[in-house]
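Want a quick tour of this protein? Have a look at the sequence and the 3D picture first, and keep them open while you read.

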Amino acid sequence: MRTVKVRRCDDYTIRLGAAGENNATQIVFDLSWLGDTSAGTVTLLHQRSTDTAPYPVALDGNVWTVSSVDTAIAGKGLCEVQYIEDDTVIKSHVWETSVAASLGDPVDADEPEANWLAALYAKVQSMIDDAVDDDTVAAAVAAYMADNPVDEDTIADAVVAYLEANPVTIETTDKVEEDNTLPVTSGGVYTVVGNIEVLLNAL
């Protein structure tokens, strides 16, 4: 993976890679010029070559991992780091971005909202896999949404589409055991109730 380090004084074009590339480039921003950001949030916006408006990009601290959404359109674009307090932009800086043309087949890019959602689900799934407690997961989700704000109306359709493409699977069991921590299926409950009835009838 390529790593590109960017400072505020660097007014050159940030090269994101070739059209269709996915997770091939990381942009590492030096955010020291923002000073103390504990009272607000740092956000990143990106506007591709032919876009009429920017979309939010998920930042992992000060790192932007460039996805196929970001490289879907070849040409010059813009990105902007913003520091926001109480819905007011306190500090910001804009850089020009560039996506090189590719001779490969065009890549069907997801909507930016879907990319935002996929990053959130990946973060949550990673924490679940590590057996992180629910309160910590909820706090991480809240922090992610605060750091990467997105319009609630536009994200709704992306949620539905993502869940349809990535159905949630829950591990269950049909046995009721003392140390079991898994949800018991209705079939398992039916069996237990049936056994209880048999015992009662035998009395």
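Here is a briefing on the sheets, the salt bridges and the largest pocket.

Before you start, keep in mind that this is a predicted model. Five strands form one open sheet, and another open sheet has three strands. There are three salt bridges, and the largest pocket has a volume of about 470 Å³.

**The five-strand sheet**

- Go across this open sheet and you meet the strands in the order 2-8-7-4-5, with mixed pairing.
- Which strands stand at the edges of this sheet? They are strand 2 and strand 5 (55-57), and because each has a single partner strand, one side of each is left without a neighbour in the sheet.
- On average, neighbouring strands here are turned by 35° against each other, if you ignore direction.
- In general, strands of a sheet pair through backbone hydrogen bonds, and the pairing can be parallel or antiparallel.
- You can find both kinds in this sheet: strand 2 and strand 8 pair in the parallel sense over four bridges, while strand 7 and strand 8 pair in the antiparallel sense over eleven bridges.
- To find your way along these pairs, look for R15, which stands opposite S98 in strand 8, and for C79, which stands opposite W95, also in strand 8.
- Strand 2 may be an edge strand, but strand 2 is mostly covered, with four of its five residues buried.

**The three-strand sheet**

- This open sheet runs in the order 1-3-6, and its pairing is mixed too.
- Strand 1 and strand 6 are the edge strands here, each pairing on one side only.
- From one strand to the next, the twist averages 20°.
- Strand 3 and strand 6 run antiparallel and are joined by four bridges.
- A handy place to spot that pairing is T25, which stands opposite V66 in strand 6.

**The salt bridges**

- How many salt bridges are there? The count comes to three.
- One of them joins the side chains of R2 and E21, at 2.6 Å from N to O.
- R2 and E21 come from distant parts of the chain: R2 is in strand 1 (residues 2-6), E21 is in the loop between strand 2 (14-18) and strand 3 (25-29), and 19 residues separate the two positions.
- R2 counts as partly exposed because its relative accessibility is 39%, and E21 counts as partly exposed because its value is 23%.
- Another salt bridge pairs E96 with K76, whose side chains meet at 3.6 Å, N to O.
- This pair also links distant parts of the chain, with E96 in strand 8 (residues 88-100) and K76 in strand 7 (residues 75-85), 20 residues apart.
- E96 has a relative accessibility of 34%, so E96 counts as partly exposed; K76, at 46%, counts as partly exposed as well.
- R48 also forms a salt bridge, with D51, and their closest N and O atoms are 2.9 Å apart.
- Are R48 and D51 buried or exposed? Both R48 and D51 are buried.

**A72 and E21**

- A72 sits in the loop between strand 6 and strand 7.
- With a relative accessible area of 25%, A72 is partly exposed.
- Now look back at E21: A72 and E21 are 51 residues apart in sequence, yet their C-alpha atoms are 8.0 Å apart in space.

**The largest pocket**

- The volume of the largest pocket is about 470 Å³.
- The lining has 22 residues, and the closest to the centre of the pocket are A58, L59, D60, A119 and Y144.
- Which elements each supply at least two residues of the lining? They are strand 6 (63-66), helix 1 (112-129) and helix 2 (134-147).
- Helix 1 gives the largest share of the lining, with four residues.
- Sorted by class, the lining has eleven nonpolar, seven polar and four charged residues.

Methods. Residues are numbered from 1 along each chain as its sequence is written. This is a predicted model: local features need pLDDT of at least 70, side-chain atom pairs count only at pLDDT 80 or more; totals for chains, interfaces and linings use all residues. Side-chain values use heavy atoms; hydrogens and water are left out. On a 1 Å grid over the protein atoms alone, a cavity is a set of points where a 1.4 Å probe fits but cannot get out, and a pocket is an open set with protein on both sides within 12 Å along at least five of seven lines; lining residues have an atom within 4 Å of a point. Grid points are joined across faces, edges and corners, and a volume is the space filled by probe spheres set on the points. Ala, Val, Leu, Ile, Met, Phe, Trp, Tyr, Cys and Pro count as nonpolar, Asp, Glu, Lys and Arg as charged, and the others, Gly among them, as polar. A salt bridge is a side-chain nitrogen of Lys or Arg within 4 Å of a carboxyl oxygen of Asp or Glu. Buried means under 20% relative accessible area, exposed over 50%, partly exposed in between (1.4 Å probe, protein chains only). Two strands pair if DSSP finds at least two bridges between them. Axes are lines fitted to C-alpha atoms, for helices over the stretch in contact, and angles run from 0 to 180 degrees between N-to-C directions.
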